[in-house]
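Work through the exercises below with the structure in view. Try each task before you read its solution.

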Amino acid sequence: MNIYDDYMNIIKEAVNTDSSNYFNKGIGYPTPKRSNEQFVNLYSKINENKIAPSLRIFSDTLGKTIDFNQELGSHPSFRHLKSTSNTEEHYIVSAFFDIKGSTNLFKKFDKETVFLITNAILKAGIHTALIFGGYVHRLQGDGIFVYFGNKSIDEKEAVSQALQAVSVYTYFVKNDLKEYLQAQGIENISIRSGIDLGYNKDVLWGNSGIGEISEITTSSLHTSLASKMQSSATSNGVVVGQYIKDEMMVDEYFSTVTSRTGSENDRYIYRIDDRNFYYTQYDFRWEKFLKKQKYVATDQMGNAIVKTGANLSPLSIPSLKPIASLNKPYFSNE
(Lines give C-alpha, C1' and ligand atoms only; values in the text may rest on other atoms or scores of the structure.)
Protein backbone atom coordinates (compact mmCIF):
# COMPACT_ATOMS: atom_id res chain seq x y z
CA MET A 1 0.00 0.00 0.00
CA ASN A 2 1.25 3.44 -0.91
CA ILE A 3 -0.30 6.32 0.98
CA TYR A 4 -0.17 8.49 -2.16
CA ASP A 5 -1.43 5.80 -4.55
CA ASP A 6 -4.64 7.59 -5.49
CA TYR A 7 -2.82 10.80 -6.37
CA MET A 8 -0.27 8.91 -8.45
CA ASN A 9 -3.03 6.99 -10.24
CA ILE A 10 -4.58 10.26 -11.40
CA ILE A 11 -1.20 11.45 -12.65
CA LYS A 12 -0.61 8.19 -14.50
CA GLU A 13 -4.06 8.19 -16.07
CA ALA A 14 -3.61 11.82 -17.14
CA VAL A 15 -0.34 10.87 -18.86
CA ASN A 16 -1.90 7.81 -20.50
CA THR A 17 -4.72 9.89 -22.00
CA ASP A 18 -2.55 12.84 -23.02
CA SER A 19 -3.27 14.03 -26.57
CA SER A 20 0.22 15.24 -27.47
CA ASN A 21 1.17 11.80 -28.83
CA TYR A 22 4.72 11.92 -27.44
CA PHE A 23 4.71 8.46 -25.94
CA ASN A 24 3.07 6.59 -28.81
CA LYS A 25 5.32 7.86 -31.55
CA GLY A 26 6.65 4.97 -33.58
CA ILE A 27 4.03 2.54 -32.30
CA GLY A 28 1.85 3.00 -35.37
CA TYR A 29 -1.28 4.58 -33.98
CA PRO A 30 -2.09 8.02 -32.57
CA THR A 31 -2.94 8.82 -28.97
CA PRO A 32 -6.72 9.22 -28.70
CA LYS A 33 -7.75 12.70 -27.66
CA ARG A 34 -9.01 12.89 -24.08
CA SER A 35 -12.72 13.66 -23.98
CA ASN A 36 -14.14 16.40 -21.79
CA GLU A 37 -15.91 13.71 -19.79
CA GLN A 38 -12.59 11.95 -19.12
CA PHE A 39 -11.02 15.24 -18.03
CA VAL A 40 -13.83 16.04 -15.61
CA ASN A 41 -13.74 12.50 -14.24
CA LEU A 42 -10.01 12.71 -13.53
CA TYR A 43 -10.29 16.23 -12.13
CA SER A 44 -12.98 15.20 -9.66
CA LYS A 45 -11.58 11.82 -8.61
CA ILE A 46 -10.16 13.34 -5.42
CA ASN A 47 -13.07 15.09 -3.75
CA GLU A 48 -12.45 18.66 -2.60
CA ASN A 49 -13.74 17.79 0.88
CA LYS A 50 -12.25 14.35 1.32
CA ILE A 51 -8.75 12.93 1.51
CA ALA A 52 -8.17 10.15 -1.01
CA PRO A 53 -8.63 6.63 0.45
CA SER A 54 -4.94 5.74 0.19
CA LEU A 55 -4.01 8.71 2.38
CA ARG A 56 -7.08 8.37 4.59
CA ILE A 57 -5.69 5.14 6.06
CA PHE A 58 -2.63 7.08 7.13
CA SER A 59 -4.62 9.94 8.67
CA ASP A 60 -6.87 7.47 10.51
CA THR A 61 -3.80 5.74 11.91
CA LEU A 62 -2.60 9.04 13.32
CA GLY A 63 -6.05 9.73 14.76
CA LYS A 64 -6.21 13.15 13.14
CA THR A 65 -9.39 15.20 12.94
CA ILE A 66 -9.20 17.10 9.68
CA ASP A 67 -10.80 20.49 9.09
CA PHE A 68 -11.95 20.77 5.48
CA ASN A 69 -13.81 24.02 6.12
CA GLN A 70 -10.71 26.16 5.99
CA GLU A 71 -10.59 29.27 3.86
CA LEU A 72 -7.44 30.62 2.25
CA GLY A 73 -6.14 33.63 4.13
CA SER A 74 -8.31 33.04 7.20
CA HIS A 75 -6.64 31.18 10.06
CA PRO A 76 -9.50 30.08 12.37
CA SER A 77 -7.75 31.28 15.53
CA PHE A 78 -7.63 34.81 14.13
CA ARG A 79 -10.75 34.93 11.98
CA HIS A 80 -12.26 37.48 14.38
CA LEU A 81 -9.76 40.03 13.05
CA LYS A 82 -11.36 39.95 9.59
CA SER A 83 -12.63 43.36 8.43
CA THR A 84 -11.39 45.05 11.60
CA SER A 85 -8.45 47.27 12.48
CA ASN A 86 -7.55 45.08 15.46
CA THR A 87 -4.22 43.30 15.71
CA GLU A 88 -2.92 40.53 17.93
CA GLU A 89 0.44 39.06 18.84
CA HIS A 90 0.72 35.27 18.69
CA TYR A 91 3.39 32.80 17.67
CA ILE A 92 3.18 30.88 14.39
CA VAL A 93 5.25 28.44 12.35
CA SER A 94 5.38 29.41 8.67
CA ALA A 95 6.19 26.81 6.02
CA PHE A 96 6.61 27.22 2.28
CA PHE A 97 6.73 24.16 0.00
CA ASP A 98 7.58 24.81 -3.63
CA ILE A 99 7.65 22.30 -6.49
CA LYS A 100 10.49 23.02 -8.89
CA GLY A 101 10.76 22.00 -12.53
CA SER A 102 7.05 21.69 -13.24
CA THR A 103 7.35 23.88 -16.35
CA ASN A 104 9.22 20.96 -17.92
CA LEU A 105 5.87 19.16 -18.06
CA PHE A 106 4.84 21.40 -20.95
CA LYS A 107 7.67 19.92 -23.03
CA LYS A 108 5.88 16.58 -23.06
CA PHE A 109 2.20 17.08 -22.29
CA ASP A 110 -0.77 19.16 -23.30
CA LYS A 111 -2.11 21.85 -20.99
CA GLU A 112 -4.94 19.67 -19.67
CA THR A 113 -2.50 16.95 -18.63
CA VAL A 114 -0.22 19.47 -16.96
CA PHE A 115 -3.21 20.87 -15.09
CA LEU A 116 -4.26 17.42 -13.88
CA ILE A 117 -0.72 16.54 -12.78
CA THR A 118 -0.04 19.77 -10.92
CA ASN A 119 -3.49 19.78 -9.36
CA ALA A 120 -2.98 16.24 -8.04
CA ILE A 121 0.41 17.25 -6.61
CA LEU A 122 -1.10 20.31 -4.92
CA LYS A 123 -3.98 18.28 -3.49
CA ALA A 124 -1.52 15.76 -2.08
CA GLY A 125 0.40 18.61 -0.43
CA ILE A 126 -2.72 20.29 0.94
CA HIS A 127 -4.06 17.03 2.34
CA THR A 128 -0.71 16.21 3.93
CA ALA A 129 -0.65 19.64 5.59
CA LEU A 130 -4.20 19.16 6.87
CA ILE A 131 -3.37 15.75 8.34
CA PHE A 132 -0.62 17.33 10.42
CA GLY A 133 -2.73 20.25 11.61
CA GLY A 134 -1.65 22.85 9.07
CA TYR A 135 -3.68 25.83 7.86
CA VAL A 136 -3.18 26.47 4.16
CA HIS A 137 -2.82 30.22 3.85
CA ARG A 138 -2.05 30.68 0.18
CA LEU A 139 -1.33 28.86 -3.06
CA GLN A 140 1.44 30.48 -5.06
CA GLY A 141 1.86 28.86 -8.47
CA ASP A 142 3.22 25.41 -7.63
CA GLY A 143 3.91 26.46 -4.06
CA ILE A 144 1.91 26.02 -0.87
CA PHE A 145 2.24 28.44 2.05
CA VAL A 146 1.04 26.88 5.31
CA TYR A 147 0.75 28.03 8.92
CA PHE A 148 1.23 25.52 11.73
CA GLY A 149 0.07 26.33 15.25
CA ASN A 150 -2.99 27.79 16.91
CA LYS A 151 -4.22 28.92 20.32
CA SER A 152 -4.69 25.35 21.54
CA ILE A 153 -1.14 24.04 21.12
CA ASP A 154 2.33 25.31 22.02
CA GLU A 155 5.27 26.19 19.81
CA LYS A 156 7.00 22.84 20.21
CA GLU A 157 4.00 20.88 18.97
CA ALA A 158 3.49 23.24 16.04
CA VAL A 159 7.14 22.83 15.04
CA SER A 160 6.80 19.05 15.19
CA GLN A 161 3.67 19.17 13.01
CA ALA A 162 5.42 21.29 10.37
CA LEU A 163 8.52 19.11 10.24
CA GLN A 164 6.47 15.92 9.93
CA ALA A 165 4.29 17.34 7.17
CA VAL A 166 7.21 18.57 5.09
CA SER A 167 9.13 15.31 5.61
CA VAL A 168 6.27 13.05 4.49
CA TYR A 169 5.42 15.26 1.50
CA THR A 170 9.05 15.62 0.42
CA TYR A 171 9.46 11.85 0.55
CA PHE A 172 6.53 11.51 -1.86
CA VAL A 173 7.93 14.07 -4.31
CA LYS A 174 11.51 12.80 -4.13
CA ASN A 175 10.61 9.17 -4.61
CA ASP A 176 7.20 8.18 -6.02
CA LEU A 177 6.59 11.29 -8.12
CA LYS A 178 10.11 11.91 -9.37
CA GLU A 179 10.69 8.25 -10.25
CA TYR A 180 7.51 8.02 -12.33
CA LEU A 181 8.03 11.33 -14.16
CA GLN A 182 11.65 10.47 -14.94
CA ALA A 183 10.37 7.29 -16.59
CA GLN A 184 8.25 9.57 -18.79
CA GLY A 185 11.26 11.66 -19.75
CA ILE A 186 10.60 14.51 -17.30
CA GLU A 187 13.75 15.46 -15.41
CA ASN A 188 14.46 17.79 -12.49
CA ILE A 189 11.12 17.61 -10.67
CA SER A 190 11.83 18.31 -7.01
CA ILE A 191 10.62 20.15 -3.95
CA ARG A 192 12.32 22.79 -1.83
CA SER A 193 10.96 23.93 1.52
CA GLY A 194 11.59 26.60 4.11
CA ILE A 195 10.23 26.64 7.67
CA ASP A 196 10.56 29.19 10.45
CA LEU A 197 9.04 30.03 13.83
CA GLY A 198 8.12 33.45 15.11
CA TYR A 199 7.37 33.78 18.83
CA ASN A 200 4.58 35.95 20.24
CA LYS A 201 6.75 39.04 20.36
CA ASP A 202 7.81 38.52 16.76
CA VAL A 203 4.41 38.07 15.09
CA LEU A 204 1.57 40.54 14.57
CA TRP A 205 -1.71 39.20 13.18
CA GLY A 206 -4.13 41.49 11.38
CA ASN A 207 -6.41 42.03 8.40
CA SER A 208 -4.41 42.93 5.31
CA GLY A 209 -6.14 44.46 2.29
CA ILE A 210 -9.58 45.99 1.79
CA GLY A 211 -13.05 44.50 2.08
CA GLU A 212 -13.21 41.09 0.50
CA ILE A 213 -9.86 41.73 -1.18
CA SER A 214 -8.13 40.93 2.09
CA GLU A 215 -6.75 38.15 4.23
CA ILE A 216 -5.85 37.51 7.83
CA THR A 217 -2.08 37.39 7.75
CA THR A 218 1.06 38.01 9.77
CA SER A 219 3.59 40.76 9.83
CA SER A 220 6.73 38.96 10.92
CA LEU A 221 10.33 38.65 9.88
CA HIS A 222 10.05 34.91 10.41
CA THR A 223 7.10 34.51 8.06
CA SER A 224 9.13 36.25 5.37
CA LEU A 225 12.20 34.15 6.14
CA ALA A 226 10.35 30.87 5.50
CA SER A 227 10.02 31.78 1.84
CA LYS A 228 13.58 33.06 1.70
CA MET A 229 14.92 29.85 3.25
CA GLN A 230 13.10 27.80 0.63
CA SER A 231 15.28 29.44 -1.99
CA SER A 232 18.36 28.41 0.01
CA ALA A 233 17.41 24.73 0.03
CA THR A 234 18.87 22.07 -2.23
CA SER A 235 16.78 19.91 -4.53
CA ASN A 236 14.40 17.98 -2.24
CA GLY A 237 15.92 19.82 0.70
CA VAL A 238 14.49 21.68 3.69
CA VAL A 239 16.01 24.74 5.34
CA VAL A 240 14.83 25.95 8.74
CA GLY A 241 15.58 28.84 11.06
CA GLN A 242 17.38 28.93 14.40
CA TYR A 243 14.15 29.01 16.43
CA ILE A 244 12.96 25.77 14.80
CA LYS A 245 16.19 24.08 15.85
CA ASP A 246 15.92 25.54 19.35
CA GLU A 247 12.44 24.07 19.86
CA MET A 248 13.54 20.62 18.66
CA MET A 249 16.55 20.53 20.99
CA VAL A 250 18.08 17.70 18.91
CA ASP A 251 21.22 18.69 17.04
CA GLU A 252 21.47 15.49 14.97
CA TYR A 253 18.79 16.69 12.53
CA PHE A 254 20.46 19.97 11.69
CA SER A 255 23.62 21.34 10.12
CA THR A 256 24.38 24.90 9.11
CA VAL A 257 23.83 25.78 5.48
CA THR A 258 27.34 27.16 5.41
CA SER A 259 28.72 23.69 6.19
CA ARG A 260 27.14 22.54 2.93
CA THR A 261 28.09 25.49 0.75
CA GLY A 262 31.47 26.26 2.30
CA SER A 263 30.63 29.97 2.30
CA GLU A 264 30.38 31.91 5.55
CA ASN A 265 27.97 34.25 3.78
CA ASP A 266 25.37 31.47 3.97
CA ARG A 267 25.53 31.01 7.74
CA TYR A 268 22.97 33.71 8.50
CA ILE A 269 19.71 34.07 6.62
CA TYR A 270 19.26 37.50 8.19
CA ARG A 271 21.42 39.87 10.18
CA ILE A 272 21.08 43.30 11.78
CA ASP A 273 24.60 44.34 12.71
CA ASP A 274 23.76 47.39 14.80
CA ARG A 275 21.40 45.28 16.93
CA ASN A 276 23.82 42.36 17.13
CA PHE A 277 21.12 40.11 15.62
CA TYR A 278 22.39 37.19 13.58
CA TYR A 279 19.85 34.54 12.61
CA THR A 280 21.26 31.19 11.50
CA GLN A 281 19.74 28.95 8.85
CA TYR A 282 20.07 25.16 8.95
CA ASP A 283 19.68 22.28 6.54
CA PHE A 284 17.15 19.90 8.08
CA ARG A 285 17.86 16.18 7.72
CA TRP A 286 14.26 15.29 7.07
CA GLU A 287 14.93 11.69 6.01
CA LYS A 288 16.70 10.92 9.27
CA PHE A 289 13.90 12.66 11.19
CA LEU A 290 11.23 10.72 9.29
CA LYS A 291 12.80 7.37 10.20
CA LYS A 292 12.43 8.24 13.88
CA GLN A 293 8.66 8.82 13.71
CA LYS A 294 6.47 6.21 15.42
CA TYR A 295 4.48 5.57 12.22
CA VAL A 296 7.56 4.79 10.10
CA ALA A 297 9.77 1.71 10.22
CA THR A 298 12.03 -0.25 7.89
CA ASP A 299 11.93 -3.93 7.04
CA GLN A 300 14.88 -6.33 6.93
CA MET A 301 15.63 -5.22 3.40
CA GLY A 302 15.70 -1.57 4.42
CA ASN A 303 12.38 -0.80 2.71
CA ALA A 304 10.21 1.87 4.31
CA ILE A 305 6.98 0.74 5.92
CA VAL A 306 4.16 2.76 7.42
CA LYS A 307 2.46 1.48 10.52
CA THR A 308 -1.33 1.41 10.49
CA GLY A 309 -4.13 0.47 12.84
CA ALA A 310 -4.90 1.31 16.43
CA ASN A 311 -1.66 -0.22 17.68
CA LEU A 312 0.43 1.15 14.83
CA SER A 313 1.27 -2.38 13.68
CA PRO A 314 3.42 -2.28 10.52
CA LEU A 315 1.93 -2.70 7.08
CA SER A 316 4.38 -2.84 4.20
CA ILE A 317 4.38 -0.24 1.46
CA PRO A 318 6.18 -2.06 -1.36
CA SER A 319 6.42 0.94 -3.68
CA LEU A 320 8.27 3.10 -1.20
CA LYS A 321 12.01 2.87 -1.66
CA PRO A 322 14.32 2.62 1.35
CA ILE A 323 14.91 5.96 2.99
CA ALA A 324 18.38 7.21 2.15
CA SER A 325 21.21 5.53 4.03
CA LEU A 326 22.44 7.63 6.89
CA ASN A 327 26.07 6.91 6.05
CA LYS A 328 25.58 8.58 2.68
CA PRO A 329 26.06 12.35 2.44
CA TYR A 330 22.54 13.76 2.77
CA PHE A 331 22.92 17.04 0.99
CA SER A 332 23.38 15.90 -2.56
CA ASN A 333 21.44 16.54 -5.74
CA GLU A 334 20.82 12.89 -6.45
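A residue is called buried under 20% relative accessible area, exposed over 50%, and partly exposed in between, using a 1.4 Å probe and protein chains only. The model is predicted, so local features need pLDDT of at least 70 and side-chain atom pairs count only at pLDDT 80 or more, while totals for chains, interfaces and linings use all residues. Residues are numbered from 1 along each chain as its sequence is written, and side-chain values use heavy atoms, with hydrogens and water left out.

**Exercise 1. Place S190 and decide whether S190 is buried or exposed.**

Step 1. Find the element. S190 is in strand β5, residues 190-198. Strands (E, at least two residues) and helices (H or I, at least four) are DSSP runs, numbered from the N terminus.

Step 2. Apply the cut-off. S190 has 7% relative accessibility, so S190 counts as buried.

Step 3. List the partners. A contact means heavy atoms within 4.5 Å. Beyond its neighbours within four places in sequence, S190 contacts D98, I99, K100, V173, S235 and N236.

Step 4. Check one partner along the chain. I99 is 91 residues from S190 in sequence, yet their C-alpha atoms are 5.8 Å apart.

**Exercise 2. Describe the fold as a whole: how many helices and strands does the protein have?**

Step 1. Count the elements. There are nine helices and 14 strands.

Step 2. Take the buried share. Of the 334 residues, 51% are buried.

Step 3. Look at contact range. Take the contacts with a separation of 6 or more: 73% of them join residues 24 or more positions apart.

Step 4. Add a case. W205 lies in strand β6, residues 204-210. Its relative accessible area is 0%, so W205 is buried. The C-alpha atoms of W205 and N86 are 8.6 Å apart, with their positions 119 residues apart along the chain.

**Exercise 3. Which residues line the second largest cavity?**

Step 1. Fix the idea. Rolling a probe the size of a water molecule over the atoms shows where empty space is left. On a 1 Å grid over the protein atoms alone, a cavity is a set of points where a 1.4 Å probe fits but cannot get out, and lining residues have an atom within 4 Å of a point. Points are joined across faces, edges and corners, and a volume is the space filled by probe spheres set on them.

Step 2. Count and size. The whole structure has four cavities of 30 Å³ or more. The second largest holds about 60 Å³.

Step 3. Read the lining. Its residues are Q70, E71, G73, S74, H75, P76, R79, Y135, V136, H137 and Y147. Strand β3, residues 134-140, gives the most, with three.

Step 4. Sort by class. Four lining residues are nonpolar, five polar and two charged. Here Ala, Val, Leu, Ile, Met, Phe, Trp, Tyr, Cys and Pro are nonpolar, Asp, Glu, Lys and Arg are charged, and the others, Gly among them, are polar.

Step 5. Follow one lining residue. S74 lies in the loop between α3 (53-62) and β1 (87-89). With a relative accessible area of 9%, S74 is buried. Leaving out residues up to four places away in sequence, S74 touches R79 and I216.

**Exercise 4. Classify the ring pair of Y268 and Y278: why is the pair tilted?**

Step 1. State the rule. Rings of Phe, Tyr and Trp (its six-membered ring) pair if their centres lie within 6.5 Å; planes under 30 degrees apart are stacked, over 60 edge-to-face, and the rest tilted. The rule gives 23 aromatic pairs.

Step 2. Apply it. The centres of Y268 and Y278 are 5.4 Å apart and the planes meet at 45°, so the pair is tilted.

Step 3. Locate the rings. Y268 is in strand β10 (residues 268-272) and Y278 in strand β11 (residues 277-284), 10 residues apart. Y268 is partly exposed at 28% relative accessibility, and Y278 is partly exposed at 31%.

Step 4. Look for a group. Ring pairs link Y4, Y7, F97, Y169 and F172 into a cluster.

**Exercise 5. Where do M249 and N276 lie?**

Step 1. M249 is in the loop between α7 (242-248) and β9 (254-256). N276 is in the loop between β10 and β11.

Step 2. Read the backbone. M249 has a positive phi of about 55° although it is not a glycine. For N276, also not a glycine, phi is positive at about 55°.

Step 3. Judge exposure. M249 is exposed at 64% relative accessible area, and N276 is exposed at 61%.

Conventions
1 Å grid on protein atoms, 1.4 Å probe; cavity = no way out; pocket = protein on both sides within 12 Å on 5 of 7 lines; lining within 4 Å.
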